[in-house]
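Open the model in your viewer and keep the sequence panel visible beside it. The stops below move from the whole chain to single residues, each with something to select.

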Amino acid sequence: MTQLLDDERIARMRSAVMTTVAEDRRRRARTTRSRLVLAGGVAALVMVGGIGAALNGGFPGGQTTSSDSSAAQSSADSSSADSAGGAVALAPAQVPAQASAQASRSASGADADRDVVVTGSASVTVSDVRATSDSLAAWVEAKGGRVDSRQYDAGNTHAHASLTLRVPASQVTATLDQLETYGAVSETEIDKEDVTGSARDLDARIKALRISISRLEGILDRAAVMSDVIRTESALTDRQAQLEQLVTQRARISEQVALATIDVTISPRERAESVQPGGFHGGLRDGWNALVTVVNHTVALAGVLLPWLALLALLYAVLRGARSLGRRWGAAR
């Protein structure tokens, strides 16, 4: 049955349709506003980027900004003022050149003034260990070095020697070359340690302590109260003890830098064993010895088997006797 449309139902349908249309319009409006806002933001970013590029690159190479002009003007004014006062003003192109030259000189001086401790070791094989040890020690002393330790072991079959050499740092290469004149050098190792930082730190601390000691000595000379004298003497004694320790450490570093340490091991050269052919007499001797060995082993084997052979012979005789008795008894029956 078909329902009839009355006025109220038509009004409700019209209201629903209008509501749907209104919501659709509002949704489209929001979408349009969002797109406009996004487009505006992009345009603003592009505009800001263009302005920044124009500001950064808008001045040709031959032009300067106002700040650059004022800086150049002030530089020119100061240069003219120095010239008027009798001072020699450097041209702008000369200042960087002088700075770079000073930097290069200071860098080269710093490299040449490094404190480096050199240590190393080497092994050499020679024909005469004792003679080589004596010659090497004499050569090191002639070069201004010394031998800190020296050990020699004759041994049962081969002699060995070990030396701890202290040679000037400039003579390390010459020492290795000298070792090659004695024999074959092997297992050479040279290590270098930069101790410039430690040395400079000790120098600064020593300088500061000496200044402090000098001031304390002046205070002690002017002190009039006994308590001040006692406190000053105590502080002065402490500073002097610290100074002695630092001076000793600095002297040790200086000595290690001045004299390199090289441990040298000297071994004898291996000799080939002499081979003497046996010849006829050697072959005859070896054959006779082999024959004697075989005879000795045969006699020993016979001595081992003889008791067993006697036992087997006795058993065989008993069996033969038993068979003979058996046959006789059979014949008698």
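Among the contacts in this predicted model that join residues at least 6 apart in sequence, 76% link residues at least 24 apart. With the whole chain in view and coloured by secondary structure, you should find 8 helices and 5 strands, which follow one another from the N terminus in the order α-α-α-β-α-β-β-α-β-α-α-β-α. Buried residues account for 17% of the 333 residues, and the accessible surface comes to about 24900 Å², with 58% of it belonging to carbon and sulfur atoms.

**The nonpolar cores**

Select Leu136, Leu165, Val167, Leu179, Val264 and Ile266, which are the residues with the most contacts inside the largest nonpolar core, a set of 22 residues. The elements that give two or more residues to this core are strand E1 (116-126), helix H4 (129-142), strand E3, helix H5 (172-182) and strand E5 (259-268), and the largest share, 5 residues, comes from H4. To look around one member of the core, centre on Ile266, whose contacts beyond four places in sequence are Val124, Val126, Val129, Thr132, Ser133, His160, Ala161 and Leu163. Apart from this core lies another, of 13 residues, and a selection of Val117, Ala199, Leu209 and Leu216 will show some of its members.

**Arg166**

Next, select Arg166, which sits in strand E3 (residues 160-168). Is this arginine buried or exposed? Its relative accessible area is 7%, and because buried means under 20%, Arg166 counts as buried. Its side chain makes polar contacts with the side chain of Asp148, at 3.4 Å, and with that of Thr261, at 3.0 Å. Expanding the selection to residues that Arg166 touches, leaving out those up to four places away in sequence, adds neighbours including Val140, Gly145, Glu255, Gln256, Leu259 and Ala260.

From here, follow Asp148 to Arg146, with which Asp148 forms a salt bridge whose closest N and O atoms are 2.7 Å apart. Asp148 is partly exposed, with a relative accessible area of 40%, and Arg146, at 32%, also counts as partly exposed.

**Salt bridges across the sequence**

The salt bridges number 12 in total. Select Arg250 and Asp203, whose closest N and O atoms lie 2.7 Å apart in a salt bridge. Arg250 belongs to helix H7 (residues 226-258) and Asp203 to helix H6 (residues 196-222), so this pair ties together parts that are 47 residues apart in sequence. Arg250 counts as buried at 15% relative accessibility, whereas Asp203, at 30%, counts as partly exposed. Adding Asp115 and Arg200 to the selection displays a network of salt bridges that links these four residues.

A further pair to display is Asp194 with Arg114, a salt bridge with its closest N and O atoms 3.0 Å apart. Asp194 lies in strand E4 (residues 184-194) and Arg114 in the loop between helix H3 (94-112) and E1, so that the pair, 80 residues apart, links distant parts of the chain. Asp194, at 43% relative accessibility, counts as partly exposed, and Arg114 is partly exposed as well, at 40%.

**A nonpolar surface patch**

For the last stop, switch to a surface view and select Leu301, Val304, Leu305, Trp308, Leu309, Leu311, Leu312, Leu314, Leu315 and Val318, which form a nonpolar patch with about 1000 Å² of accessible area together. Within this patch, Leu309 lies in helix H8 (residues 279-332) and is exposed, with a relative accessible area of 53%.

Key: Residues are numbered from 1 along each chain as its sequence is written. This is a predicted model: local features need pLDDT of at least 70, side-chain atom pairs count only at pLDDT 80 or more; totals for chains, interfaces and linings use all residues. Side-chain values use heavy atoms; hydrogens and water are left out. Helices (H or I, at least four residues) and strands (E, at least two) are DSSP runs, numbered from the N terminus. Buried means under 20% relative accessible area, exposed over 50%, partly exposed in between (1.4 Å probe, protein chains only). A polar contact is a pair of N or O atoms within 3.5 Å; within protein, one must be able to donate a hydrogen and the other to accept it, and residues adjacent in sequence count only if both atoms are side-chain atoms. Contact means heavy atoms within 4.5 Å. Accessible areas come from the Shrake-Rupley method with a 1.4 Å probe; for residues, only the protein chains shown count as cover. Patches are made of residues with over 30% relative accessible area and no salt bridge: like charges are joined within 9 Å, nonpolar side chains (Val, Leu, Ile, Met, Phe, Trp, Tyr) within 5 Å. A salt bridge is a side-chain nitrogen of Lys or Arg within 4 Å of a carboxyl oxygen of Asp or Glu. A nonpolar core is a set of buried Ala, Val, Leu, Ile, Met, Phe, Trp, Tyr and Cys residues joined through side-chain atoms within 4.5 Å.
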